Amino acid sequence: MIPPMELYIDTANMDEINEAAALGVLDGVTTNPSLIAKEGVDFHTRMSEICAVVSGPVSGEVVSLEHDSMIAEANDLLQIADNLVIKLPCTVDGLKACKTLSDRNVRTNLTLCFQPLQALMVAKAGAFLVSPFLGRIDDIGGDGMELIQQIRTVYDNYGFTTKILAASIRHPLHLVQCALLGADVATVPMKVIKQMMHHPLTDKGLEGFLADWNARKQ
Ligand code: E4P
């Protein structure tokens, strides 16, 4: 059986994470250095708080640029919780760090992926997740969804098990398209999670039902 598309929230804000977790359909969390900086909190403390609320994969990103420092940072982060996933950039050193950590059975999320060959390489290195940033490609006039399609085809051609985590989601249509193309996971800002359950005809229909119900003859 094919598992359903997983839903992660893309934030480091505890109110949003608690709100999304309460929906009962949240599978994980992604953070990045910008999201942590926005909250003005200690990185390790916040990762520990998130991991206490969400039992699924929680991605925390290293800020080092070279292999040995990335591994040192990862080792510190791995002390925080068992569900912590090490987020590494799609660079040469990130690829090497991915292989080092995968060989130790540590789960990784290879981020800032903008072309299918990066996805191919990190899958060969044993990445648990790859994060194509589709919104940022759309932002500069490209087609982010084409990248999702290309990675899906490459992974299916060779049986790679690395999960495609659609990132940089801007609006609900991105999610519809990701689900149609078979992305394994989408990481979504709270604003868009709320939009996923909204339709004006649902509101209008409900209003009509309740008006008829309240006007019924007893
Ligand atoms: C994913 O892991 C990233 O944190 C995120 O999706 C980046 O999105 P942005 O392009 O909106 O910053």
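**Ligand contacts and the largest pocket**

In this predicted model, an oxygen atom of the ligand is placed 2.8 Å from an N or O atom in the side chain of Asp 10. The side chain of Arg 136 likewise has an N or O atom that lies 2.7 Å from a ligand oxygen, and a polar side-chain atom of Ser 168 is found 2.7 Å from an oxygen atom of the ligand. On its own the ligand has 340 Å² of accessible area, of which 85% is covered by the protein.

Asp 10, Arg 136 and Ser 168 belong to a shell around the ligand that also contains Thr 30, Asn 32, Lys 87, Phe 133, Ala 167 and Arg 170. When this shell is divided by class, 4 of its residues are charged, 3 are polar and 2 are nonpolar.

The ligand sits in the largest pocket, which holds about 320 Å³ of space. Its lining is made up of 20 residues, and those closest to the centre of the pocket are Asp 10, Asn 32, Leu 35, Phe 133 and Arg 136. Two or more lining residues are given by each of the elements α2 (33-39) and β5 (108-113), with the largest share, 3 residues, coming from α2. By class, the lining of the largest pocket comprises 8 nonpolar, 7 polar and 5 charged residues. Among the residues closest to the pocket centre, Asp 10 and Arg 136 also have side-chain N or O atoms at 2.8 Å and 2.7 Å, respectively, from an oxygen atom of the ligand.

Terms used:
Residues numbered from 1 in each chain as written. Predicted model: local features only at pLDDT ≥ 70, side-chain atom pairs only at ≥ 80, totals over all residues. Heavy atoms only, no water. Near = heavy atom within 4 Å. Polar contact = N/O pair within 3.5 Å; in protein donor to acceptor, adjacent residues only side chain to side chain. Areas by Shrake-Rupley, 256 points an atom, 1.4 Å probe, with all protein chains shown as cover. 1 Å grid on protein atoms, 1.4 Å probe; cavity = no way out; pocket = protein on both sides within 12 Å on 5 of 7 lines; lining within 4 Å. Sits in = over half its atoms within 2 Å of the grid points. Nonpolar A, V, L, I, M, F, W, Y, C, P; charged D, E, K, R; others polar. Points joined across faces, edges and corners; volume = space filled by probe spheres on them. Helix = DSSP H or I, 4+ residues; strand = E, 2+ residues; numbered from the N terminus.
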